[in-house]
Number of protein chains: 2
Amino acid sequence: MDKRLQRSRERVLAAAYDVLVASGIGGFSVDEVARRSGVAKTTIYRQWPTREALVADACWRMVAEQEEETPDAGSVEADVESILSEIGRLLWTANWAAVVPSVIDAAERDPEFGEIHARIQAGHAAPLKTVLERGVARGELAADADVAVLAAALLGPLFYRRWFARQPIDEAFVQSLVRQVLRSPGTGR
Amino acid sequence: MDKRLQRSRERVLAAAYDVLVASGIGGFSVDEVARRSGVAKTTIYRQWPTREALVADACWRMVAEQEEETPDAGSVEADVESILSEIGRLLWTANWAAVVPSVIDAAERDPEFGEIHARIQAGHAAPLKTVLERGVARGELAADADVAVLAAALLGPLFYRRWFARQPIDEAFVQSLVRQVLRSPGTGR
DNA sequence: TCGCTACGCTACGGGAGCGTAGCGAAATGT
DNA sequence: ACATTTCGCTACGCTCCCGTAGCGTAGCGA
């Protein structure tokens with residue numbers, strides 16, 4: 001295992017990640033990565049056969065940096081509120097938030113990015129679904145509650161605020177959202 | 001007023017709209033519009049100074065085709081359900097649904113498209129907000145209900161289903177969503 | 001030390017797109 | 001009927017990007 005391989009590989013991926021965040025998938029170019037990383041374009045093409053492969057790798061790195069923890073404060077409501085607050089905060093601060101729209105756009109036409117997007121999506125929803133399923137098991141939620149529907153009802157408004165209405169996501173918003181969705185007849189409890 | 005101007009203008013705009021739907025903003029090119037419309041590229045540039053101007057015009061045409069009616073069935077719940085069902089249907093059928101992600105992506109970096117996106121967004125939310133405000137006036141909803149928050153709680157899950165979870169939006173989903181949001185303590189009633 | 005491997009560099013060839021120039025032909029409306 | 005306007009066409013120049021070839025150099029490992 002040559003150290004040079006690993007070093008240049010790391011440099012390129014870091015630069016690719018930066019370019020991705022700055023320009024999105026549409027504006028991503030190998031030339032730009034070469035400029036920023038200081039690694040020659042020929043060297044890049046020795047490790048990644050095509051532009052798409054490099055973009056995909058940079059996306060996967062983004063997916064990895066987005067893992068979140070699953071809280072366990074005792075009640076479903078507290079856990080859900082904790083998760084939503086964290087996501088709401090990240091939506092306006094994390095790097096990946098600026099890239100997601102271009103990933104969605106790419107996924108609309110390219111299956112490869114469809115899979116990447118599915119993974120990003122799964123990463124967001126996983127902790128929430130875990131918490132909700134725990135709530136069902138504990139009897140805090142109705143036994144026949146549809147976890148997927150609940151997750152959509154909880155996550156959707158956050159994303160809506162960020163990318164559609166372009167309004168801030170404060171604590172009050174999250175709280176009233178959680179109350180609306182979890183304390184309603186349809187949800188049971 | 002020369003008829004030739006109007007005719008070529010119409011042809012170009014129609015083709016531009018098609019290209020926009022097929023390729024999104026990122027894949028939009030004047031050359032492609034020229035090829036599809038049969039209008040020479042030079043002629044296009046005589047009426048639109050730049051590519052961006054043509055893209056923007058095509059987007060505005062899209063905005064215009066997206067107007068919806070405001071129902072009035074007597075109860076807030078019925079009206080909201082009607083609106084959400086219609087949007088849920090359009091999200092998987094209408095042309096503009098395939099373009100929205102690229103508009104959001106562009107809006108993330110270009111203020112011009114930010115405004116276009118705001119108009120699209122407003123077009124979606126307008127009928128819903130009207131209905132909700134009517135509900136507040138009638139006393140069906142709490143007097144201090146935040147219409148913007150309610151709109152986010154209702155529209156967000158639909159968009160979430162379409163672009164994030166990629167799951168179908170059926171009647172059952174809309175119904176349970178409406179119940180969850182409108183029949184909860186936070187909303188009043 | 002010495003062979004192997006990865007590296008950087010320069011230079012390509014090909015393609016696509018933007019926006020422009022010049023000219024002759026056709027449509028317009030007066 | 002005739003001047004004006006618009007059109008289509010070909011051909012550019014420019015920029016950016018993809019992906020490749022060849023060569024000399026520097027670093028790695030044994």
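Trainee: Which helix gives the most to the lining of the largest cavity?

Mentor: Helix 6 of chain B, with 3 residues. Keep in mind that this is a predicted model.

Trainee: How is empty space found at all?

Mentor: Rolling a probe the size of a water molecule over the atoms shows where empty space is left. Here, 3 cavities of 30 Å³ or more turn up. The largest has a volume of about 70 Å³.

Trainee: Which elements give two or more residues to its lining?

Mentor: Helix 6 (96-107) and helix 8 (147-165) of chain A do, together with helix 6 (96-107) and helix 8 (147-165) of chain B. The lining includes Trp163(A), Phe164(A), Trp163(B) and Phe164(B). Val100(B), Pro101(B) and Ile104(B) are also among the lining residues.

Trainee: How do the lining residues divide by class?

Mentor: There are 9 nonpolar, no polar and no charged residues.

Trainee: Now the DNA. How many residues surround DNA strand D?

Mentor: The count is 24, and the closest include Thr42(A), Arg4(B) and Thr42(B). Sugar and phosphate make up 52% of the strand D atoms that come within 4 Å of the protein.

Trainee: What does Thr42(B) approach on the strand?

Mentor: A base nitrogen of DNA strand D, 2.8 Å from an N or O atom in the Thr42(B) side chain. Phosphate oxygens of strand D have partners too. One lies 3.4 Å from a polar side-chain atom of Arg35(A). For Ala40(B), a polar backbone atom is 3.4 Å from a phosphate oxygen.

Trainee: Which helix gives the most to the surface near DNA strand D?

Mentor: Helix 3 of chain A, with 4 residues. By class, that surface has 7 nonpolar, 7 polar and 10 charged residues.

Key. Residues numbered from 1 in each chain as written. Chains lettered and ligands numbered in written order. Predicted model: local features only at pLDDT ≥ 70, side-chain atom pairs only at ≥ 80, totals over all residues. Heavy atoms only, no water. 1 Å grid on protein atoms, 1.4 Å probe; cavity = no way out; pocket = protein on both sides within 12 Å on 5 of 7 lines; lining within 4 Å. Points joined across faces, edges and corners; volume = space filled by probe spheres on them. Nonpolar A, V, L, I, M, F, W, Y, C, P; charged D, E, K, R; others polar. Near = heavy atom within 4 Å. Polar contact = N/O pair within 3.5 Å; in protein donor to acceptor, adjacent residues only side chain to side chain.
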